[in-house]
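Student: I have a structure on my screen and do not know where to begin. Could you walk me through it?

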Amino acid sequence: MTNDPFILGGVTLTSRLFIGTGKYGADSLIPAVAEASGAEVITVAMRRVGKQQDTQGIMGHIPAHMRLLPNTSGARTADEAVRLARLARAAGCGDWIKIEVISDTRHLLPDGYETARATEVLANEGFTVLPYINPDLYVARACAAAGAAAIMPLGAPIGTNRGLRTKEMVGILIEEMDLPIIVDAGIGRPSQACEAMEMGAAACLVNTAIASSSDPVSMARAFGAAVRAGRDAWLAGPGAVKAQAQGAEASSPLTGFLR
């Protein structure tokens, strides 16, 4: 939507759907998925990036026009995340970085303290930092104070496709934070991405729901449409919801009938 740009890190984006590169049956699907989704930002784990970014690896399948968002998947501490971010920059992946610091191997929940610490170090080094966090207001504020460009709260544990299980907490972040809120992880259906956008999220990052579907290209197209629809709905301003005790209200007046 060219009349509703999303400016992040000084870059103007027309799509508010971010996609990933993991879990596809074949990396060769990525160009078609990217085209169908309309996404302009794609995330890739630094551990999957070859030292020379040869065309035979994952990087060879990412369309040239897309902005890379390397992530620090696999980092268990802030120091490890910082090291991976610096490697991403040295490898030519740019200055955008998604910070993931996860030492919990069962639920894969991010460590808020270590995430905020890594965010501060990298923001001071000129990175555009997007920290992935639990939807905790205090952690979000700490990341904002550390220099984050946006906040990426999870909708549900990563890779679960469970949807917006954290809806109320994400809503608090949208209401209280001045930074863009990008819902990341757990979204499993286009309708759930649409709901997040209707709430006022700035964008959604979707990977597993697209990559694990029977038809990733068609699912990517559906997510692109859902994110646009949700954004349009938020901009339009949803109508008021009447409480049950107030009864119903006819769409047309109940007077002036023809006799």
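**Reading the fold**

Tutor: Start with the whole chain: of its 259 residues, 47% count as buried. Buried means under 20% relative accessible area, exposed means over 50%, and partly exposed lies in between, using a 1.4 Å probe and protein chains only. This is a predicted model, in which local features need pLDDT of at least 70 and side-chain atom pairs count only at pLDDT 80 or more, while totals for chains, interfaces and linings use all residues. Residues are numbered from 1 along each chain as its sequence is written, and side-chain values use heavy atoms, with hydrogens and water left out.

Student: How many helices and strands are in the chain?

Tutor: Eight helices and 10 strands. Both are DSSP runs, numbered from the N terminus: helices are H or I with at least four residues, strands are E with at least two. Now look at contacts, meaning heavy atoms within 4.5 Å. Among contacts between residues at least 6 apart in sequence, 65% join residues at least 24 apart.

Student: How do I read a nonpolar core?

Tutor: In soluble globular proteins, nonpolar side chains tend to be buried together. A nonpolar core here is a set of buried Ala, Val, Leu, Ile, Met, Phe, Trp, Tyr and Cys residues joined through side-chain atoms within 4.5 Å. The largest one has 59 residues, and I19, I151 and C204 touch the most other members. Helix α2 (residues 78-90) gives the largest share, six residues. Another core, of 15 residues, lies apart from it and includes L8, L13, F18 and A203.

Student: Which residues does I151 touch?

Tutor: Leave out residues up to four places away in sequence. Then I151 touches P131, I133, A140, C143, A144, L173, M177, L179, P180, I181 and I182. Follow that last one. I182 lies in strand β9 (residues 182-184). I182 counts as buried because its relative accessible area is 0%. Beyond four places in sequence, the contacts of I182 include F6, L130, M152 and L205. The C-alpha atoms of I182 and G155 are 10.0 Å apart, with the two positions 27 residues apart along the chain.

Student: How do I read one side of a helix?

Tutor: An α-helix has 3.6 residues a turn, so residues three or four places apart point the same way. Try helix α4 (residues 137-146): L137, A140, C143 and A146 are buried. The elements covering these buried residues include α3, β7 (128-133) and α5.

Student: What happens at the two ends of α4?

Tutor: At the start, a side-chain oxygen of D136 comes within 2.8 Å of the backbone nitrogen of Y138. Just after α4, G147 has a positive phi of about 110°.

Student: Is T119 buried or exposed?

Tutor: T119, in helix α3, is buried, because its relative accessible area is 0%. Its side chain reaches the backbone oxygen of T115 at 2.8 Å. That is a polar contact: a pair of N or O atoms within 3.5 Å, where, within protein, one must be able to donate a hydrogen and the other to accept it, and residues adjacent in sequence count only if both atoms are side-chain atoms. Beyond four places in sequence, T119 also touches residues including I99, V129 and C143.

Student: How do I find a pocket?

Tutor: Rolling a probe the size of a water molecule over the atoms shows where empty space is left. A pocket is an open set of points on a 1 Å grid over the protein atoms alone, where a 1.4 Å probe fits, with protein on both sides within 12 Å along at least five of seven lines; lining residues have an atom within 4 Å of a point. Points are joined across faces, edges and corners, and the volume is the space filled by probe spheres set on them. Here the largest pocket holds about 650 Å³.

Student: Which residues lie nearest its centre?

Tutor: N71, S73, E100, I158 and N207, out of 34 lining residues. Strand β4 gives the largest share of the lining, three residues.

Student: Where is N207 placed?

Tutor: N207 sits in the loop between β10 and α7. N207 counts as buried because its relative accessibility is 17%. A polar atom of its side chain lies 3.5 Å from the backbone nitrogen of T21, and one lies 3.4 Å from the backbone oxygen of G22.
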